[in-house]
Each structure stands twice: as C-alpha cells, then as structure tokens.
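Biologist: I should like to learn how to read the features of a structure such as this one. Could we begin by looking at it together?

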Amino acid sequence: GQPADTPAATAGVNAISAGFLKPIRVPLLSGRWFTPGDHRDAPRAAIVNQAFARRYLAGVSSPVLELNWSSESNPKGAGWQVVGVCGDVRSRSLEIEPQPEIYLPVLQFPA
C-alpha cells in the first residue's frame with residue numbers, strides 16, 4: 001500500500017514456534033498468535049512488534065509484507081500477511097529502545 005519510491009523497511013526477523021511469546025508474557029495487542037495451522041502449506045503469516053507497527057504500518061489495514069530474501073522455499077517477493085501485532089521485547093539490552101521485529105512461524109521459515 002506504499003508508493004513505489006518508499007524506502008524499504010528494515011527489521012529483525014525471528015522464526016518462532018506457535019506459543020513462543022506467551023510464556024515470556026509478551027502481550028498480543030491486536031490480531032492473533034500463530035497456531036499449528038500456520039504450517040508450510042498454509043498462507044504465510046507474520047506477527048510484528050509494536051515498534052514495527054508504529055514505524056511502518058501507521059494507517060495501513062491488512063498489510064502484506066514483502067520480504068527481500070530469496071530461496072527455493074521463499075521466492076523473491078513472496079507476501080507474508082501480518083496477522084498480529086505484539087508488544088515490544090528488549091532483546092538486546094534494557095538500555096536500548098526496542099527495534100522493529102518481524103516474527104515468522106518456524107514451520108514457514110525459508111531457512
């Protein structure tokens with residue numbers, strides 16, 4: 001939904017299993033968590049953190065991410081539907097502000 005000359009977004013990408021963020025009490029702010037139904041043959045799903053949503057998704061409804069890596073299991077330009085927004089995690093240091101993060105289901109991760 002962005003103009004073609006919009007700069008590419010940069011964010012950390014993490015492959016996680018369904019339920020990974022719940023035990024560490026990361027809140028789900030909108031949408032849904034991953035489920036076992038988010039498998040290899042299902043539509044590609046992504047959860048982004050609040051920092052990502054604030055920076056890149058303001059005013060965008062039902063966003064589809066275009067991730068820029070290429071492999072046999074992720075042809076360049078494959079879309080990942082954002083199904084949820086979760087709270088930020090200070091994974092690097094308590095002193096560093098949370099950075100934009102994208103979480104992908106490990107069963108769909110093109111490693």
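Modeller: The following turns cover salt bridges, nonpolar cores and one asparagine. This is a predicted model, in which local features need pLDDT of at least 70 and side-chain atom pairs count only at pLDDT 80 or more, while totals for chains, interfaces and linings use all residues. Residues are numbered from 1 along each chain as its sequence is written, and side-chain values use heavy atoms, with hydrogens and water left out.

Biologist: How many salt bridges does the structure hold?

Modeller: A salt bridge is a side-chain nitrogen of Lys or Arg within 4 Å of a carboxyl oxygen of Asp or Glu. The structure holds three. Asp38 pairs with Arg32, with the closest N and O atoms 2.9 Å apart. Arg90 and Glu97 meet at 3.6 Å, N to O, and Asp88 and Arg54 at 3.3 Å.

Biologist: Which parts does the pair of Asp88 and Arg54 tie together?

Modeller: Helices (H or I, at least four residues) and strands (E, at least two) are DSSP runs, numbered from the N terminus. Asp88 lies in the loop between strand 5 (79–86) and strand 6 (101–105), and Arg54 in helix 1 (residues 50–56), so the pair ties together parts that are 34 residues apart in sequence.

Biologist: Is Asp38 buried or exposed?

Modeller: Buried means under 20% relative accessible area, exposed over 50%, and partly exposed in between (1.4 Å probe, protein chains only). Asp38 is buried, at 4%, whereas its partner Arg32 is partly exposed, at 33%. Of the other pairs, Asp88 is partly exposed at 24% and Arg54 exposed at 54%; Arg90 is partly exposed at 38% and Glu97 exposed at 52%.

Biologist: Which residues make up the largest nonpolar core?

Modeller: A nonpolar core is a set of buried Ala, Val, Leu, Ile, Met, Phe, Trp, Tyr and Cys residues joined through side-chain atoms within 4.5 Å. The largest has eleven residues, including Phe52, Leu65, Trp80 and Ile102. Strand 3, helix 1, strand 5 and strand 6 each supply at least two residues, and strand 5 gives the most, with three. Apart from this core lies another of ten residues, among them Trp33 and Cys86.

Biologist: Where does Asn49 lie, and with which residues is Asn49 in contact?

Modeller: Asn49 lies in strand 3 (residues 45–49) and counts as buried, at 0% relative accessibility. Contact means heavy atoms within 4.5 Å. Leaving aside neighbours within four places in sequence, the contacts of Asn49 include Val85, Asp88, Gln99 and Tyr103. A polar atom of the Asn49 side chain lies 2.8 Å from the backbone oxygen of Gln99.

Notes. A polar contact is a pair of N or O atoms within 3.5 Å; within protein, one must be able to donate a hydrogen and the other to accept it, and residues adjacent in sequence count only if both atoms are side-chain atoms.
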